[in-house]
Structures are given as structure tokens and as C-alpha cells.
Amino acid sequence: MLLISIDKSMGDTYRTIRIPSQGSFKNKGSRFLAYAFPVHSEEEIKKHLNELKKEHHAARHHCYAWRLTPDQSAYRINDDGEPSGTAGKPILSQIQSTDLTNILIVVVRYFGGTLLGVSGLIHAYRTASADAINNADIISCIVKDLLIINFGYLHTNQVMHLIKEESLEVISTNFDLICQCTIAVRQSDTEKIKTILSLINGVTVTRAKAL
């Protein structure tokens, strides 16, 4: 799961869409219906694909492209029977040109009986995808790290004072003889917060994966 919040400054951020959106394009009887979804995992992607295939079971093609992770390192395209490079690639090009990630775009094609040719297909899938993105609510999100803080009960006031002073987001707490607090920290602030916490005697900090 990715924990995101709307960014109010520039820095370690990424762009995605807030809620699903749709677009479309028609040419020579063929209909291209584009569906854009905010996603955070391949499991979510599979779910959306399966639902669309059931909803549009009579369609000839269900082509798609997706990109995941804040650093945009994971992506995939699928032409679903269209000539190679005519569907998934132009869909992905729209995702790339708008600098989006954590997004899936599926373009469902209902064949109209007339072949469009390679250039016609590329234009159709690109245009339908662009329409879905144009209709989307695009947001900027902050990349955060989870920090797990372990400390003795006597240090509770110091730790909680720091958390309040730095306006840090508390995910969970457990106060006992040995206490634990999990916080979400903007990634660019992680090392600073770890250093400040380490100055408190008896406090250890473990960095978990980015949110």
C-alpha cells in the first residue's frame, strides 16, 4: 500500500490521478473506449482488467499500459492482438508525456469492420488515452518513509514532543515498558529525523519501505 497526500510544495513527489476517468475516440465505425485508473499494485491492475473484460466481453481488443512506483521504474504494455506497437506503446506514451505513475489505462476497441492501418491504430489508441487523461483529476503526491521508533517508557515525552514539533504523521503507537511508535516521514526529511531521534538516549530507529 502507498500512503499519499496532496503535495503543497515541490520536491520528492510524483503525479498520478485521484479517481478513475474515461475517454473515447471513434473512426470508421470502430469505437475506442479508454479507462484510466489510479493503481498501486499489479493485483489492482488484474482486478480492473478482469472487470473490464467481463463488462466489454463483446469487444475485439482490451489493450493497456500501466506504470507503477514513485520512481516510475515498473511498467508494462499489451497490444492484445493488435499489430505489435500499435496499441500498448501509444497508450504508454501518453502516460509518459504527462509524467504520470501509479496509473493503468485500458483502451477497449469495438471493431467497426474497416481496417485502420498501423498509423490509424496508433492515432486511435493515443487519442483515446489522451482523452481519458484530459478528463482526469491529476494530483501531486509526496513520497514518504515509515520509521519505527523503539524507546523506553521514560523517554516517551521527549519522543512525542519531537513528533509534535516536527508535525510528523503517527501511524501507530504501543506504550509499554518498551514503547514503539511508527511514523510517516517525507522521504527528503528521513535522515534529518533519524539523526535527531538518535540523539535521545535509549532510542533506536528502523527505516521501513517507502510508502
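# Exercises on a predicted single-chain model

The chain contains 5 helices and 11 strands, and the model that the exercises below explore is a predicted one.

## Exercise 1: Overall form

Work out how the radius of gyration of the chain stands against the globule rule for 211 residues, and then describe the extent of the C-alpha trace along its principal axes.

Solution. Begin with the rule, which gives 17 Å for 211 residues, whereas the radius of gyration of the chain is 23 Å. Since the value for the chain is well over that of the rule, the chain is more spread out than a compact globule. Next, turn to the principal axes, along which the C-alpha trace spans about 75 × 30 × 25 Å. As for the surface, the accessible area of the chain comes to about 11200 Å², and carbon and sulfur atoms account for 51% of it. Finally, 44% of the 211 residues count as buried, and among the contacts between residues at least 6 apart in sequence, 72% join residues at least 24 apart.

## Exercise 2: The largest nonpolar core

Find which residues of the largest nonpolar core touch the most other members, and state which element gives the most to this core.

Solution. The largest nonpolar core has 23 residues, and those touching the most other members are Phe-32, Ile-91, Ile-95, Ile-103, Ile-105, Val-107 and Tyr-125. The elements that each supply two or more residues to this core are β3 (30–38), β4 (61–68), α2 (88–97), β6 and α3 (117–134). Of the contributors, α3 gives the most, with 6 residues. To see the surroundings of one member, take Val-107, which, once its neighbours within four places in sequence are set aside, is in contact with Phe-32, Leu-33, Ala-34, His-61, His-62, Cys-63, Ile-91, Tyr-125, Ala-128 and Ser-129.

## Exercise 3: A charged residue in strand β6

Decide whether Arg-109 is buried or exposed, and identify the side chains with which the side chain of Arg-109 makes polar contacts.

Solution. First place the residue: Arg-109 is found in strand β6, which covers residues 103–110. Its relative accessibility is 4%, and because buried means under 20%, Arg-109 counts as buried. The side chain of Arg-109 has a polar contact of 3.2 Å with that of Ser-30, and another, of 2.9 Å, with that of Glu-82. The pair of Glu-82 and Arg-109 also forms a salt bridge, in which the closest N and O atoms are 2.9 Å apart. Glu-82 lies in the loop between β5 (74–78) and α2, while Arg-109 is in strand β6, so the pair ties together parts that are 27 residues apart in sequence. Both Glu-82 and Arg-109 are buried. Beyond the neighbours within four places in sequence, the contacts of Arg-109 include Phe-32, His-61, Leu-116, Leu-121 and Tyr-125.

## Exercise 4: Salt bridges elsewhere in the chain

State how many salt bridges a search of the whole structure finds, and then examine the pair of Asp-137 and Arg-18 and the pair of Arg-207 and Glu-191.

Solution. The search finds 8 salt bridges. In one of these, Asp-137 pairs with Arg-18, with the closest N and O atoms 2.6 Å apart. This pair links distant parts of the chain, 119 residues apart, with Asp-137 in the loop between α3 and β7 (138–142) and Arg-18 in the loop between β1 (13–17) and β2 (21–27). Asp-137 is partly exposed, with a relative accessible area of 33%, and Arg-18 is partly exposed as well, with 46%.

In the second pair, the side chains of Arg-207 and Glu-191 meet at 3.8 Å, N to O. Here Arg-207 belongs to strand β11 (residues 204–210) and Glu-191 to helix α5 (residues 190–198), 16 residues apart. Arg-207 counts as partly exposed at 41% relative accessibility, and Glu-191 counts as partly exposed at 46%. To finish, Asp-145 is linked with Glu-191 and Arg-207 in a network of salt bridges.

## Exercise 5: A histidine in strand β4

Determine which residue offers its backbone oxygen to the side chain of His-62 at 2.9 Å, and whether His-62 is buried or exposed.

Solution. His-62 has its place in strand β4, and with a relative accessible area of 9% it is buried. A polar atom of the His-62 side chain lies 2.9 Å from the backbone oxygen of His-56. Not counting residues up to four places away in sequence, His-62 touches Leu-52, Lys-53, His-56, Asp-80, Val-107 and Val-108.

Terms used
Residues numbered from 1 in each chain as written. Predicted model: local features only at pLDDT ≥ 70, side-chain atom pairs only at ≥ 80, totals over all residues. Heavy atoms only, no water. Helix = DSSP H or I, 4+ residues; strand = E, 2+ residues; numbered from the N terminus. Buried < 20%, exposed > 50% of the residue type's maximum accessible area, 1.4 Å probe, protein only. Polar contact = N/O pair within 3.5 Å; in protein donor to acceptor, adjacent residues only side chain to side chain. Contact = heavy atoms within 4.5 Å. Core = buried A, V, L, I, M, F, W, Y, C linked by side-chain atoms within 4.5 Å. Rg over C-alpha atoms; globule rule 2.2 N^0.38 Å. Areas by Shrake-Rupley, 256 points an atom, 1.4 Å probe, with all protein chains shown as cover. Salt bridge = Lys/Arg side-chain N within 4 Å of Asp/Glu carboxyl O.
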